[in-house]
Amino acid sequence: MRDERYDHYPQLEIDLGKLQENLAALQERCQVSGLKLSGIVKGFSAMPEAAKIYDRAGLDSIGSSRLEQLRHMRRAGVKTPLLMIRIPMLSEVDELVRWADISLQSEWSVLRATEEAAARAGVRHKVILMVDLGDLREGFWDREELISAALEVEEKLENLDLLGVGTNLGCYGSVQATPEKMEELIAAAEQVEAAIGRRLEVISGGASSSVHMLLDGTMPKRINHLRVGELLLLGRVWGCDMPQLHKDVFTLRAEVIEVKTKPSHPVGELSVDAFGRTRTYVDRGHRRRALLAMGRVDYGECEDLISREPGLIMLGASSDHTLVDVQNTVRKIQVGDILEFDLCYATLVYLSRSESVHLVFKGGPETQ
Ligand SMILES: *Cc1c(COP(=O)(O)O)cnc(C)c1O
């Protein structure tokens, strides 16, 4: 495992072959049900090596919440249409029409500014109007407002094409994506269609949290588009495990820099930890513990790391150190050993952006 290329830690390994297989599996499942798939790449900060795998998968579009990620992908030669999934800032509409082919929208002023930017740039830009179905993040709440915005795009904003409507669930309000919510979205779409006098091309039924309906056959027929990030990367999300998908596309490796037997309860008068928090510590007597050379600056919260080392207990972390109990690990952990972790979505976002984390790529078209 420790060949030259792999000799820097902390290290995030991305198995491009497994990522490609996950994309192919979900893409096929979507095609069978007549759904278009947009692959969302914000979870790994759209790093070009992985984004290129998305580009080769023949997706409907590739999306991110960050315009600079779309720009990087386009500059790296990504050909698939690019979708801006965060409501654009008024201050970025000129960049938006330059780098994104499609955007999700929910504000009159932004739509009009996008129109003007598209006119200035001499391009056409597609929009999907977002409908808030109760999760209370982005989207039109008032149906009349949605319909008049749709009419304005259709009839007045000459450089914009109204591609369809969409929704987002399970983000702020923890509202579940259900067939009933999908029917509500379809009803909104049909109201728009009645107003503009034509069928909408896209009804975008949400993110990873909507895929369970595709798998169990409860997805209403008119939903024809999904925007999926996390599920493709981790192989499962809350409430949806797709058995065909790899769960280990990503591996985090960290190096042990100290191993000692120490008391498990701090010794002295206790105040607050490195982040100013009052903490409690369980006294389990003297235990063998290891210190790892990576910390919260790299990954966020240590509770979100899932150790692959049987018997290891996560103790805590400061900015640059992670502490683990290795008293009962099967292997006897020593200084210089490398420990492996599975990730959850939040840790992946941090790790893929951290300058001190070394990215290594496995498999995929380039190295096969
Ligand atoms: C992040 C995001 C997605 C993808 O969400 P996952 O849970 O990662 O599938 C889809 N749509 C919007 C608007 C998003 O912000």
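This report describes the ligand site of a predicted model and one buried arginine. Local features need pLDDT of at least 70 and side-chain atom pairs count only at pLDDT 80 or more, while totals for chains, interfaces and linings use all residues. Residues are numbered from 1 along each chain as its sequence is written, and side-chain values use heavy atoms, with hydrogens and water left out.

**The ligand site**

Around the ligand there are 14 residues, a residue being near if one of its heavy atoms lies within 4 Å. Lys42, Arg137, Ser208, Gly229 and Glu230 come nearest. The shell holds six nonpolar, three polar and five charged residues; Asp, Glu, Lys and Arg count as charged, and Gly is among the polar ones.

Side chains with a polar atom (N or O) beside a ligand oxygen include these, where a polar contact is a pair of N or O atoms within 3.5 Å:

| Side chain | Distance to a ligand oxygen atom |
|---|---|
| Lys42 | 2.8 Å |
| Arg137 | 2.9 Å |
| Tyr345 | 3.3 Å |

Taken alone, the ligand exposes 390 Å², and the protein buries 91% of that (Shrake-Rupley method, 1.4 Å probe).

**Arg287**

Arg287 lies in strand S13, residues 286–292 (strands are DSSP runs of E, at least two residues, numbered from the N terminus). Arg287 counts as buried because its relative accessibility is 11%, the cut-off for buried being under 20% with a 1.4 Å probe and protein chains only. The side chain of Arg287 makes a polar contact of 2.7 Å with the side chain of Asp325; within protein, one atom of such a pair must be able to donate a hydrogen and the other to accept it.

Methods. Helix = DSSP H or I, 4+ residues; strand = E, 2+ residues; numbered from the N terminus. Buried < 20%, exposed > 50% of the residue type's maximum accessible area, 1.4 Å probe, protein only.
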